[in-house]
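Got the model open in your viewer? Let's walk through it one selection at a time.

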Number of protein chains: 2
Amino acid sequence: MQAQYTASQQAADWLAAFAATLDRRDIDAAVGLFGDESYWRDLVSWTWNIKTVEGPAQIRDLLEHTLAQVKPSAWALDGEATETDGVVEAWFTFETAVARGKGLLRLKGGRCWTLLTTMVELKGFEEKKGERRIAGAEHGVHPGRKTWAELRAEEQATLGYSVQPDVVVIGGGQGGIALGARLRRLGVPTIIVEKNARAGDSWRNRYKSLCLHDPVWYDHLPYMPFPDDWPVFAPKDKVGDWLEAYTKIMELNYWSSTLAKNCRWDEASQRWEVTVEREGQTVVLRPKELVIALGVSGYANVPKIPGAETFLGEQHHSSKHTSSEPYRGKKCVVLGSNNSAHDICAALWENGADVTMVQRSSTHIAPSAALMELALGGLYSEQAVKNGIDHHKGDLIFASVPYKIMHTFHIPVYEEMQRREADFYARLEKAGFILDFGADGSGLFMKYLRRGSGYYIDVGASELVANGSVKLKSGVNIERIHPRSVTLTDGTELEADLIVYATGFGSMNHWLADLISPEAADRVGKVWGLGSDTPKDPGPWEGELRNMWKPTQVPHLWIHGGNLHQSRHYSQFLSLQLKARMAGIPTPVYGQAEVHHLR
Amino acid sequence: MQAQYTASQQAADWLAAFAATLDRRDIDAAVGLFGDESYWRDLVSWTWNIKTVEGPAQIRDLLEHTLAQVKPSAWALDGEATETDGVVEAWFTFETAVARGKGLLRLKGGRCWTLLTTMVELKGFEEKKGERRIAGAEHGVHPGRKTWAELRAEEQATLGYSVQPDVVVIGGGQGGIALGARLRRLGVPTIIVEKNARAGDSWRNRYKSLCLHDPVWYDHLPYMPFPDDWPVFAPKDKVGDWLEAYTKIMELNYWSSTLAKNCRWDEASQRWEVTVEREGQTVVLRPKELVIALGVSGYANVPKIPGAETFLGEQHHSSKHTSSEPYRGKKCVVLGSNNSAHDICAALWENGADVTMVQRSSTHIAPSAALMELALGGLYSEQAVKNGIDHHKGDLIFASVPYKIMHTFHIPVYEEMQRREADFYARLEKAGFILDFGADGSGLFMKYLRRGSGYYIDVGASELVANGSVKLKSGVNIERIHPRSVTLTDGTELEADLIVYATGFGSMNHWLADLISPEAADRVGKVWGLGSDTPKDPGPWEGELRNMWKPTQVPHLWIHGGNLHQSRHYSQFLSLQLKARMAGIPTPVYGQAEVHHLR
């Protein structure tokens, strides 16, 4: 008989029971529906926060603090549930007092193992899409009517001057652009401030050979997916041109060639004062909310090495290395061994330079093809699309895995990668390369979440290291720089015409210290990382990325960013938080994270 | 038992029988599967032409001339068939010797009533999309590799100069752009020549209040649909900006600010010599194929009226009327009563002008909302999308209705419109407006196909005519123009500060006479129209639009154009015809149309 109790019935029964306990405010019974090991991740819909609660006690706490305001209702399965290895998985929809939501539920032995709840839209503030789209033409006759072009020109002339925006986003890369598009749809007047001359320049200005390391299915922006002939790994300039076209099509108020100088919260007016220099002119913007979207990797880390000032060759950070062509026949030292270091070493070698990579510490190498197939293919691939998992669905499935146990899903992937690529890894090690697979063997994506660094997605450079075309000095650093050479910590001296510091990027909240104040930066605290107690990600455990896309300890200050996937997906939740505040909807934040580490 | 013979079984049986007769080259039996009233419309897949054959005798002729080369195979139903009012409708796929196709079949009483066959892709020349998409990043190391940006810059610098394009498209409006995007995907080197400074200017330069009269679901370009918040009726400048962004995203070789001066076929080289002036410099392009895409309505018709040269006010064709603002308090005479005339009258009235419309002959008025609901809603609307009919499917369903009987589907629509809008039409007639619904009551779209003129999609101006805000003189023409007035054919004199000639556009093959030669234009003959023997569309019956998207009597010369729907859909078939010729695939044309009318 058990066999006839279908996955959909199990899921429907659980959902009905959960709804019933919530309806009668029976928190004991509701908590009883969760397993001893259980996780509830909420994206804004219950908590006005991005929050994972872990285990029955925390789930109880969440319910006790939120249930009365949230007033959940209208729980309904969305499509058929599935069962795999004893885990029932089901999509569902629900409503709160103020919003509509979508979720993903996993049951083990009839009790909830993982629950994802996400906000889709605010009631009464739905996007004007599909059936709700505007007419465009105003039928009938309207003396004095203004055309779309006139209204748009008027907006561009007045917003930021005689009319103040509700939101200012500092940083017009993929993060600012994706968020800007969402806010535009929600009718929140927004200005995006970007120092470069054109949208997309933050990609165009990088090194010439750069292509996206993530595949197309993972990289769509909101609302307008790439055409179906878009390359798997798009070249940087093509991405730049797409971003530029996108800002125009989405009608963003995108202030390019504009440098943010200073941001100050003004208590009297309850608005920020954001001083920018727009094409040479100082303008003060007064938004209600301020978003910093300057990039997970925007602030160049250049180590201070004794003697650097005496160097007679050229030296620059990897972010300034645009072309490798000028270095034919030159002796080049690249300090670092992550993505940029590898890509730049390969480009220099391709252009006939003599290249040495200086590897300071162990690095995780993931061959691109294996990574795509083993780690991403299930959610983001042509096959996934054929299986009915487009990026909208992929994003939610991805989001439904609690960070606490995410590494347990990744460890077997990288074990398989090590088996499959054993020969490759052996040759790299023989060349002296110091490998790792993350502190617990959980590989690339966990490293990305925990520290945002420490890996290279191999698209060819590792072969140059393995076969000696790119020379390698590993386990060392540059100790001193001389006019025409560098000395390493093992005493080796390398001749050098060029030094590239592929030494990564500083913490995002350096931007806060610069733009607002060191005190504000400390109040916000460390940005990014999970508190996994692994290298560069000190504990205690946080359960979510620190300070990303959710309220910080500085009111009205938000941080947005991440890769294209995160910029797309989390902009949804940040935009809804901002819209709710603009619309005067109460947004009591549950479980605001404490600050354990200063910037 | 009959009731259990499902629609899908009937369709499958018919398709199997058809396939079997074709396999054994039994044309008698194949023809026997068609009803006495039957139509087979082929878009390139069987005929290398756009061709409808009508009735068993013509169907026999088509089979006799094509079957041996086409070698059809792999017939298969695509999804479930449906049955409505005794008509079974089924999608299917098939292959020919060189291509894959898709079709739509309708059976009546077990025999074929309508058959649509269309070419989807050429085997071996499939678009690089989905699973076939390019990698983008070239993994591995490649000394001397060029980046996407370098290759694109190189192409732009050389194509048309040291490297000749295979195809030149003259005219960079929606038609040229849509075709250019298709050819780009098929790897056919193409240059699009456009006289305006920016893609989209052909929309931007029109009168200020212009919005699309067709709704968004009908207007998508190939490959990149509008975002889901796109207005139902997009304002012209927004359309212009979209077209501009689209040319960049699709990486078209779009030569703006370039005027085509002359085209000459060179027998010796078997190429065209297309002389253009690009930003002041004369360039001779030498393509193998030449496409004229200058618009169904590109060549302004300005009637020669005695005394016009004595007029002291302003006079211009509707295509030159960009803003109505300067005419506040002025006396304006608008000659004409179609779309542009109505829109311009309303804009002038909204801007405080004194406006008189001069209606020369009867006009078909279709209120926009009724038109959308009654005529287009089934195939192109939010509801259609919900019913599973996106524009891809809508286009094929639309294409499957033979022109011979299309009016029979439209007559009831316009009868219903007359019933529903009886009061509106009565008030218009009371104001003196001379209405028609097409020669046979088949309304707007048939007028569009037959003559490309004679109607107004009412978005508000008719109310101004009905209530007298816009004055009307109907059944008359302007007989003579005086320095400050015009005299009408009924003797009335109207004071005038402005005369707008909303008198439409000349035949497309005027372009051919200008660019190639009057002889070539006459050899191609009349363009557009079906030979319906209704006003401005003389017989004999042609069965397809004259000369559009298919081989003309001048080898290597093609005409492309139409509204956004046609530009999207028929660019598929024109691009496949061009690609096949470039790839050296035999393209024997069946049923090339004779020329019955000179230009």
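Before you select anything, one definition: two residues are in contact when they have heavy atoms within 4.5 Å of each other. Keep in mind too that this is a predicted model.

**Stop 1: where the chains meet**

Colour chain A and chain B separately and pick out the contact between them. Chain B puts 55 residues into the contact and chain A puts in 54. Now highlight B:Arg133, B:Trp148 and B:Glu350: this trio supplies 15% of the area that chain B buries against chain A, more than any other three residues. Between them, the two chains bury about 4600 Å², with 60% of that on carbon and sulfur atoms.

Is it the same surface on each side? Look at the overlap: 98% of the interface residues of chain B are interface residues in chain A as well, so the copies meet through the same surface.

**Stop 2: the axis**

Next, superpose the copies. A turn of 180° with a shift of 0.0 Å along the axis lays chain B on chain A, at an RMSD of 0.0 Å. That is how a two-fold axis relates two copies. Which residue of chain B comes closest to the rotation axis? Select B:Ala245, whose C-alpha is at 2.8 Å from the axis.

**Stop 3: charged pairs across the interface**

Side chains of opposite charge can pair when their charged atoms come close. The interface of chain B and chain A has 14 salt bridges, while the structure holds 87 over all chains.

Show A:Arg145 and B:Glu350 as sticks. Their side chains form a salt bridge, at 2.8 Å from N to O. A:Arg145 sits in the loop between strand E7 (111-122) and helix H4 (148-158) of chain A, and B:Glu350 is in helix H9 of chain B, so this pair joins two chains. You have met B:Glu350 already, as one of the trio from the first stop.

Then move to B:Lys208 and A:Glu150. This is another salt bridge, and its closest N and O atoms are 2.4 Å apart.

**Stop 4: the cavities**

Turn on a cavity display if your viewer has one. There are eight cavities of 30 Å³ or more. Start with the largest, which has a volume of about 180 Å³. Its lining is made up of 18 residues, and those nearest the centre are A:Glu138, A:Arg145, B:Ser209, B:Asp343 and B:Val459. A:Arg145 turns up in this list as well as in the salt bridge with B:Glu350.

What gives the most to the lining of the largest cavity? Select helix H9 (residues 339-350) of chain B, which gives four residues. By class, the lining of the largest cavity holds nine nonpolar, five polar and four charged residues.

Now go to the second largest cavity, with about 110 Å³ of space. Of its 16 lining residues, B:Val524, B:Asn547, B:Ala593, B:Glu594 and B:Val595 lie nearest the centre. The lining of the second largest cavity splits into four nonpolar, seven polar and five charged.

**Stop 5: backbone oddities**

Most residues other than glycine have a negative phi, and most peptide bonds are trans. Here are some exceptions to zoom in on.

- Select A:Gly539 and A:Pro540: the peptide bond from one to the other is cis, with omega near 0°. A:Pro540 is in the loop between helix H18 (518-524) and strand E25 (557-559) of chain A.
- Do likewise with B:Gly539 and B:Pro540, where the peptide bond is cis too, with omega near 0°. B:Pro540 lies in the loop between helix H18 (518-524) and strand E25 (557-559) of chain B.
- Select A:Gln270, which is not a glycine but has a positive phi of about 55°. A:Gln270 lies in the loop between strand E11 (258-266) and strand E12 (271-278) of chain A.

**Stop 6: a contact from further along the chain**

Finish on A:Glu421, in the loop between helix H13 (403-420) and helix H14 (422-430) of chain A. Leaving out residues up to four places away in sequence, A:Glu421 touches A:Pro367 and A:Ala370. Draw a distance from A:Glu421 to A:Ala370: they are 51 residues apart along the chain, with their C-alpha atoms separated by 8.4 Å.

Note on methods. Residues are numbered from 1 along each chain as its sequence is written. Chains are lettered from A and ligands numbered from 1 in the order in which they are written. This is a predicted model: local features need pLDDT of at least 70, side-chain atom pairs count only at pLDDT 80 or more; totals for chains, interfaces and linings use all residues. Side-chain values use heavy atoms; hydrogens and water are left out. Copies are superposed by least squares on the C-alpha atoms of residues with pLDDT of at least 70 in both. On a 1 Å grid over the protein atoms alone, a cavity is a set of points where a 1.4 Å probe fits but cannot get out, and a pocket is an open set with protein on both sides within 12 Å along at least five of seven lines; lining residues have an atom within 4 Å of a point. Grid points are joined across faces, edges and corners, and a volume is the space filled by probe spheres set on the points. Ala, Val, Leu, Ile, Met, Phe, Trp, Tyr, Cys and Pro count as nonpolar, Asp, Glu, Lys and Arg as charged, and the others, Gly among them, as polar. Buried area is the accessible area (1.4 Å probe) that two parts lose on being put together, summed over both. A salt bridge is a side-chain nitrogen of Lys or Arg within 4 Å of a carboxyl oxygen of Asp or Glu.
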